[in-house]
Amino acid sequence: QWWAFVLLFIGFAIKVPSVPVHTWLPDAHVEAPTPISMILAGVLLKMGGYGIIRICYPICPAAGYELALIICSIGVLSMVYGAFAALAQKDFKRLVAYSSVSQMGMNGAMFQMIAHGISSAGMFFLVGVVYDRVHHRELDKFGGLFAKMPVYSGIAVGIFFAGLGLPGLCGFIGEVLVVFSSWEFSQALAVISAAVVILTAGYILWTIQRVYLGPEYKGPHPEALTPMTGRELTIAVPLLVFAIWFGVYPAAILNYMSPSVNQTVDNLATWTKNYAPVEKNSAEVALVTAHDQAEIGDR
(Lines give C-alpha, C1' and ligand atoms only; values in the text may rest on other atoms or scores of the structure.)
Protein backbone atom coordinates (compact mmCIF):
# COMPACT_ATOMS: atom_id res chain seq x y z
CA GLN A 1 0.00 0.00 0.00
CA TRP A 2 2.79 2.40 0.89
CA TRP A 3 4.36 2.35 -2.56
CA ALA A 4 1.01 2.31 -4.33
CA PHE A 5 -0.09 5.37 -2.38
CA VAL A 6 3.16 7.23 -3.06
CA LEU A 7 3.06 6.56 -6.81
CA LEU A 8 -0.61 7.51 -7.10
CA PHE A 9 -0.05 10.62 -5.00
CA ILE A 10 2.86 11.77 -7.17
CA GLY A 11 0.68 11.50 -10.27
CA PHE A 12 -2.20 13.42 -8.74
CA ALA A 13 0.13 15.97 -7.08
CA ILE A 14 1.50 16.86 -10.52
CA LYS A 15 -2.06 17.44 -11.68
CA VAL A 16 -2.99 19.62 -8.66
CA PRO A 17 -0.13 20.86 -8.88
CA SER A 18 1.78 20.75 -5.59
CA VAL A 19 5.30 21.90 -4.83
CA PRO A 20 7.84 20.72 -6.04
CA VAL A 21 6.05 19.30 -9.13
CA HIS A 22 4.26 22.55 -9.94
CA THR A 23 6.63 24.17 -12.42
CA TRP A 24 4.64 23.23 -15.52
CA LEU A 25 1.57 25.23 -14.48
CA PRO A 26 2.71 28.89 -14.81
CA ASP A 27 4.23 28.27 -18.24
CA ALA A 28 1.12 26.39 -19.37
CA HIS A 29 -1.14 29.25 -18.32
CA VAL A 30 1.08 31.93 -19.87
CA GLU A 31 1.21 30.14 -23.22
CA ALA A 32 -2.46 29.12 -23.29
CA PRO A 33 -5.25 31.33 -24.63
CA THR A 34 -7.77 32.63 -22.12
CA PRO A 35 -10.48 29.94 -22.63
CA ILE A 36 -7.93 27.14 -22.15
CA SER A 37 -6.58 28.80 -19.00
CA MET A 38 -10.13 28.98 -17.63
CA ILE A 39 -10.77 25.29 -18.37
CA LEU A 40 -7.40 24.30 -16.92
CA ALA A 41 -7.90 26.27 -13.69
CA GLY A 42 -11.63 25.66 -13.30
CA VAL A 43 -11.85 21.96 -14.16
CA LEU A 44 -8.71 20.04 -15.07
CA LEU A 45 -6.58 20.92 -12.03
CA LYS A 46 -9.38 19.76 -9.74
CA MET A 47 -8.94 16.21 -11.00
CA GLY A 48 -5.70 16.06 -9.00
CA GLY A 49 -7.33 16.91 -5.69
CA TYR A 50 -10.32 14.72 -6.49
CA GLY A 51 -8.03 11.77 -7.25
CA ILE A 52 -6.16 12.13 -3.97
CA ILE A 53 -9.38 12.18 -1.97
CA ARG A 54 -11.35 9.58 -3.95
CA ILE A 55 -8.61 7.18 -5.06
CA CYS A 56 -5.44 7.42 -2.96
CA TYR A 57 -7.04 7.24 0.48
CA PRO A 58 -9.84 4.71 -0.14
CA ILE A 59 -7.52 2.29 -1.98
CA CYS A 60 -4.50 2.69 0.34
CA PRO A 61 -5.82 3.68 3.80
CA ALA A 62 -2.86 2.25 5.72
CA ALA A 63 -0.34 4.28 3.72
CA GLY A 64 -2.53 7.39 3.98
CA TYR A 65 -2.65 6.92 7.74
CA GLU A 66 1.14 6.57 8.01
CA LEU A 67 1.97 9.42 5.60
CA ALA A 68 -0.65 11.90 6.83
CA LEU A 69 1.87 14.35 8.26
CA ILE A 70 3.96 14.34 5.08
CA ILE A 71 0.92 14.90 2.86
CA CYS A 72 -0.33 17.79 5.01
CA SER A 73 3.15 19.32 5.09
CA ILE A 74 3.35 19.24 1.27
CA GLY A 75 0.00 21.03 1.11
CA VAL A 76 1.12 23.75 3.52
CA LEU A 77 4.45 24.14 1.69
CA SER A 78 2.57 24.62 -1.58
CA MET A 79 0.40 27.30 0.00
CA VAL A 80 3.35 29.27 1.39
CA TYR A 81 5.58 28.89 -1.69
CA GLY A 82 2.79 29.75 -4.14
CA ALA A 83 1.86 32.89 -2.20
CA PHE A 84 5.44 34.18 -2.07
CA ALA A 85 5.94 33.35 -5.76
CA ALA A 86 2.77 35.27 -6.65
CA LEU A 87 4.06 38.31 -4.76
CA ALA A 88 7.21 38.30 -6.91
CA GLN A 89 5.48 38.18 -10.32
CA LYS A 90 5.45 41.00 -12.85
CA ASP A 91 3.24 39.15 -15.36
CA PHE A 92 -0.49 39.46 -14.62
CA LYS A 93 -1.35 35.97 -15.82
CA ARG A 94 1.63 34.29 -14.13
CA LEU A 95 0.55 35.88 -10.83
CA VAL A 96 -2.87 34.25 -11.14
CA ALA A 97 -1.18 30.94 -12.00
CA TYR A 98 0.93 30.99 -8.83
CA SER A 99 -2.16 31.87 -6.82
CA SER A 100 -3.57 28.55 -8.05
CA VAL A 101 -0.53 26.75 -6.63
CA SER A 102 -1.09 28.48 -3.28
CA GLN A 103 -4.84 27.87 -3.01
CA MET A 104 -5.24 24.11 -3.80
CA GLY A 105 -11.69 18.45 6.69
CA MET A 106 -12.44 16.66 3.45
CA ASN A 107 -15.63 18.65 2.90
CA GLY A 108 -13.47 21.77 3.13
CA ALA A 109 -11.04 20.49 0.51
CA MET A 110 -13.83 19.59 -1.91
CA PHE A 111 -15.61 22.92 -1.34
CA GLN A 112 -12.34 24.81 -1.80
CA MET A 113 -11.74 23.10 -5.14
CA ILE A 114 -15.14 24.28 -6.38
CA ALA A 115 -14.64 27.79 -4.98
CA HIS A 116 -11.18 28.02 -6.51
CA GLY A 117 -12.57 26.81 -9.83
CA ILE A 118 -14.92 29.80 -9.84
CA SER A 119 -12.50 32.49 -8.64
CA SER A 120 -9.46 31.28 -10.58
CA ALA A 121 -11.35 30.87 -13.85
CA GLY A 122 -12.80 34.33 -13.31
CA MET A 123 -9.40 35.88 -12.70
CA PHE A 124 -7.95 34.31 -15.83
CA PHE A 125 -10.90 35.59 -17.84
CA LEU A 126 -10.47 39.12 -16.50
CA VAL A 127 -6.78 39.06 -17.36
CA GLY A 128 -7.75 37.95 -20.86
CA VAL A 129 -10.22 40.83 -21.24
CA VAL A 130 -7.54 43.49 -20.84
CA TYR A 131 -4.90 41.45 -22.70
CA ASP A 132 -7.14 41.31 -25.78
CA ARG A 133 -7.29 45.10 -25.70
CA VAL A 134 -3.74 46.20 -24.88
CA HIS A 135 -1.75 43.03 -25.77
CA HIS A 136 0.47 42.97 -22.69
CA ARG A 137 0.30 41.62 -19.12
CA GLU A 138 3.01 43.67 -17.36
CA LEU A 139 1.59 44.67 -14.01
CA ASP A 140 3.77 47.76 -13.64
CA LYS A 141 2.38 49.23 -16.89
CA PHE A 142 -1.26 49.09 -15.77
CA GLY A 143 -3.10 51.54 -13.55
CA GLY A 144 -6.21 53.68 -13.60
CA LEU A 145 -8.52 51.07 -15.14
CA PHE A 146 -11.34 52.03 -12.78
CA ALA A 147 -11.66 55.35 -14.59
CA LYS A 148 -11.66 53.81 -18.07
CA MET A 149 -13.53 50.51 -17.43
CA PRO A 150 -15.63 50.93 -14.25
CA VAL A 151 -17.94 47.92 -14.75
CA TYR A 152 -15.04 45.62 -15.62
CA SER A 153 -13.04 46.88 -12.64
CA GLY A 154 -15.95 46.36 -10.24
CA ILE A 155 -16.44 42.77 -11.39
CA ALA A 156 -12.69 42.18 -11.20
CA VAL A 157 -12.49 43.40 -7.61
CA GLY A 158 -15.33 41.06 -6.64
CA ILE A 159 -13.71 38.03 -8.30
CA PHE A 160 -10.27 38.82 -6.87
CA PHE A 161 -11.76 39.22 -3.40
CA ALA A 162 -13.34 35.79 -3.81
CA GLY A 163 -9.87 34.41 -4.52
CA LEU A 164 -8.56 36.29 -1.48
CA GLY A 165 -11.09 34.59 0.79
CA LEU A 166 -13.12 37.63 1.84
CA PRO A 167 -16.06 36.73 4.13
CA GLY A 168 -19.29 36.54 2.17
CA LEU A 169 -17.60 35.09 -0.89
CA CYS A 170 -16.96 31.47 -1.85
CA GLY A 171 -13.24 31.39 -1.07
CA PHE A 172 -13.81 32.17 2.60
CA ILE A 173 -15.93 29.08 3.29
CA GLY A 174 -13.44 26.62 1.85
CA GLU A 175 -10.48 28.18 3.63
CA VAL A 176 -12.23 28.23 7.00
CA LEU A 177 -13.32 24.59 6.71
CA VAL A 178 -9.79 23.51 5.75
CA VAL A 179 -8.15 25.44 8.61
CA PHE A 180 -10.61 24.14 11.21
CA SER A 181 -10.15 20.54 10.12
CA SER A 182 -6.36 21.00 10.02
CA TRP A 183 -6.44 22.24 13.61
CA GLU A 184 -7.70 18.84 14.75
CA PHE A 185 -4.71 17.17 13.08
CA SER A 186 -1.87 19.64 13.70
CA GLN A 187 -2.22 23.04 15.29
CA ALA A 188 1.14 24.16 13.89
CA LEU A 189 0.13 23.37 10.29
CA ALA A 190 -3.25 25.02 10.85
CA VAL A 191 -1.60 28.24 12.07
CA ILE A 192 0.75 28.30 9.05
CA SER A 193 -2.09 27.69 6.60
CA ALA A 194 -4.18 30.42 8.24
CA ALA A 195 -1.22 32.82 8.05
CA VAL A 196 -1.06 32.29 4.27
CA VAL A 197 -4.29 34.33 4.09
CA ILE A 198 -2.16 37.37 4.94
CA LEU A 199 0.18 36.66 2.03
CA THR A 200 -2.79 36.09 -0.27
CA ALA A 201 -4.28 39.42 0.78
CA GLY A 202 -0.90 40.99 0.09
CA TYR A 203 -0.58 39.96 -3.55
CA ILE A 204 -4.30 40.34 -4.32
CA LEU A 205 -4.55 43.87 -2.89
CA TRP A 206 -1.21 44.87 -4.43
CA THR A 207 -2.46 43.65 -7.81
CA ILE A 208 -5.70 45.60 -7.47
CA GLN A 209 -3.72 48.71 -6.58
CA ARG A 210 -1.33 48.38 -9.52
CA VAL A 211 -3.94 47.46 -12.15
CA TYR A 212 -7.19 49.18 -11.25
CA LEU A 213 -6.27 52.13 -9.03
CA GLY A 214 -3.88 55.01 -9.60
CA PRO A 215 -4.22 58.22 -11.61
CA GLU A 216 -3.66 56.91 -15.13
CA TYR A 217 -2.87 53.94 -17.34
CA LYS A 218 0.86 53.73 -18.10
CA GLY A 219 1.00 51.09 -20.86
CA PRO A 220 0.51 51.02 -24.64
CA HIS A 221 -2.81 51.27 -26.50
CA PRO A 222 -4.73 53.35 -23.94
CA GLU A 223 -7.40 54.03 -26.55
CA ALA A 224 -8.28 50.32 -26.59
CA LEU A 225 -9.46 50.31 -22.97
CA THR A 226 -13.16 50.33 -23.79
CA PRO A 227 -16.07 49.04 -21.65
CA MET A 228 -16.85 45.32 -21.54
CA THR A 229 -18.94 43.92 -24.36
CA GLY A 230 -22.16 42.00 -23.87
CA ARG A 231 -20.37 38.71 -24.61
CA GLU A 232 -17.77 39.41 -21.92
CA LEU A 233 -20.43 40.37 -19.39
CA THR A 234 -22.29 37.14 -20.14
CA ILE A 235 -19.22 35.21 -19.01
CA ALA A 236 -18.05 37.37 -16.08
CA VAL A 237 -21.33 38.15 -14.33
CA PRO A 238 -22.39 34.50 -13.69
CA LEU A 239 -18.96 33.78 -12.17
CA LEU A 240 -19.38 36.72 -9.79
CA VAL A 241 -22.94 35.61 -8.94
CA PHE A 242 -21.76 32.08 -8.11
CA ALA A 243 -18.90 33.47 -6.01
CA ILE A 244 -21.38 35.47 -3.93
CA TRP A 245 -24.06 32.77 -3.80
CA PHE A 246 -21.75 30.01 -2.59
CA GLY A 247 -20.19 32.41 -0.07
CA VAL A 248 -23.54 33.41 1.41
CA TYR A 249 -25.25 30.00 1.05
CA PRO A 250 -22.56 27.27 1.06
CA ALA A 251 -25.21 24.64 1.76
CA ALA A 252 -26.04 24.82 -1.95
CA ILE A 253 -22.87 22.77 -2.50
CA LEU A 254 -22.41 21.05 0.85
CA ASN A 255 -25.87 19.44 0.84
CA TYR A 256 -25.03 17.59 -2.38
CA MET A 257 -21.43 16.88 -1.46
CA SER A 258 -21.73 15.78 2.17
CA PRO A 259 -23.41 12.35 1.82
CA SER A 260 -20.77 10.84 -0.44
CA VAL A 261 -17.86 12.60 1.29
CA ASN A 262 -19.12 11.58 4.72
CA GLN A 263 -19.34 7.99 3.52
CA THR A 264 -15.68 8.12 2.50
CA VAL A 265 -14.74 9.69 5.85
CA ASP A 266 -16.72 7.04 7.75
CA ASN A 267 -15.00 4.25 5.85
CA LEU A 268 -11.56 5.67 6.62
CA ALA A 269 -12.51 6.30 10.26
CA THR A 270 -13.76 2.70 10.58
CA TRP A 271 -10.52 1.39 9.10
CA THR A 272 -8.46 3.52 11.48
CA LYS A 273 -10.47 2.34 14.47
CA ASN A 274 -10.40 -1.35 13.56
CA TYR A 275 -6.91 -1.77 12.15
CA ALA A 276 -4.59 1.04 13.19
CA PRO A 277 -4.94 0.31 16.95
CA VAL A 278 -4.26 -3.36 16.23
CA GLU A 279 -0.97 -2.42 14.63
CA LYS A 280 -0.11 -0.25 17.63
CA ASN A 281 -1.08 -2.95 20.14
CA SER A 282 0.90 -5.52 18.21
CA ALA A 283 3.95 -3.28 18.37
CA GLU A 284 3.46 -2.78 22.09
CA VAL A 285 3.10 -6.54 22.62
CA ALA A 286 6.27 -7.12 20.62
CA LEU A 287 8.15 -4.60 22.75
CA VAL A 288 6.90 -6.14 26.00
CA THR A 289 7.72 -9.64 24.79
CA ALA A 290 11.22 -8.58 23.80
CA HIS A 291 11.70 -6.92 27.20
CA ASP A 292 10.50 -10.04 29.05
CA GLN A 293 12.77 -12.26 27.01
CA ALA A 294 15.71 -10.01 27.80
CA GLU A 295 14.96 -10.23 31.53
CA ILE A 296 14.70 -14.02 31.32
CA GLY A 297 18.04 -14.14 29.52
CA ASP A 298 19.66 -12.03 32.25
CA ARG A 299 18.33 -14.35 34.93
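The expected span of a helix is 1.5 Å times one less than its number of residues. The exercises below apply this and other rules to a predicted model.

**Exercise 1. Compare the expected span of helix α4 with the distance between its end C-alpha atoms.**

Solution.
- Helix α4 covers residues 46-59, which is 14 residues.
- At 1.5 Å a residue, the expected span is 20 Å.
- The end C-alpha atoms lie 19 Å apart, so the two values agree.
- The helix is nevertheless bent, by about 30° at isoleucine 52.
- Isoleucine 52 is also one of the buried residues of α4, a list including Lys46, Gly48 and Tyr57.

**Exercise 2. Decide whether cysteine 72 and cysteine 170 are buried, partly exposed or exposed.**

Solution.
- Buried means under 20% relative accessible area and exposed means over 50%, with partly exposed in between.
- Cysteine 72 has a relative accessible area of 31%, so cysteine 72 is partly exposed.
- Cysteine 170 has 0%, and therefore counts as buried.
- As for bonds between cysteines, a disulfide requires two cysteine sulfur atoms within 2.5 Å; the count by this rule is 0 disulfides.

**Exercise 3. Describe the surroundings of serine 18.**

Solution.
- Start with its place in the chain: serine 18 sits in the loop between α1 (2-15) and α2 (24-31).
- Its relative accessible area is 9%, so serine 18 is buried.
- Setting aside neighbours within four places in sequence, the contacts of serine 18 are Ala13, Ile74 and Ser78.

**Exercise 4. Classify two of the aromatic pairs in the structure.**

Solution.
- The whole structure holds 11 aromatic pairs.
- In the pair of phenylalanine 92 and phenylalanine 160, the ring centres are 6.1 Å apart and the planes meet at 25°, so this pair is stacked.
- Both phenylalanine 92 and phenylalanine 160 are buried.
- Phenylalanine 142 and tyrosine 217 have ring centres 6.1 Å apart and planes at 55°, and the pair is tilted.
- This pair joins distant parts of the chain, 75 residues apart: phenylalanine 142 is in the loop between α8 (106-134) and α9 (145-148), and tyrosine 217 in the loop between α12 (187-211) and α13 (230-248).
- Phenylalanine 142 is buried at 0% relative accessible area, and tyrosine 217 is buried at 8%.
- Ring pairs connect these four residues with Tyr152 and Tyr212 in a cluster.

**Exercise 5. How many helices and strands does the chain have, and what share of its residues is buried?**

Solution.
- The chain has 15 helices and 0 strands.
- Of its 299 residues, 48% are buried.
- The exposed area is about 14500 Å², of which carbon and sulfur atoms supply 69%.

Notes. Residues are numbered from 1 along each chain as its sequence is written. This is a predicted model: local features need pLDDT of at least 70, side-chain atom pairs count only at pLDDT 80 or more; totals for chains, interfaces and linings use all residues. Side-chain values use heavy atoms; hydrogens and water are left out. Buried means under 20% relative accessible area, exposed over 50%, partly exposed in between (1.4 Å probe, protein chains only). Helices (H or I, at least four residues) and strands (E, at least two) are DSSP runs, numbered from the N terminus. The bend at a residue is the angle between axes fitted to the seven residues ending there and the seven starting there. Contact means heavy atoms within 4.5 Å. Accessible areas come from the Shrake-Rupley method with a 1.4 Å probe; for residues, only the protein chains shown count as cover. Rings of Phe, Tyr and Trp (its six-membered ring) pair if their centres lie within 6.5 Å; planes under 30 degrees apart count as stacked, over 60 as edge-to-face and the rest as tilted.
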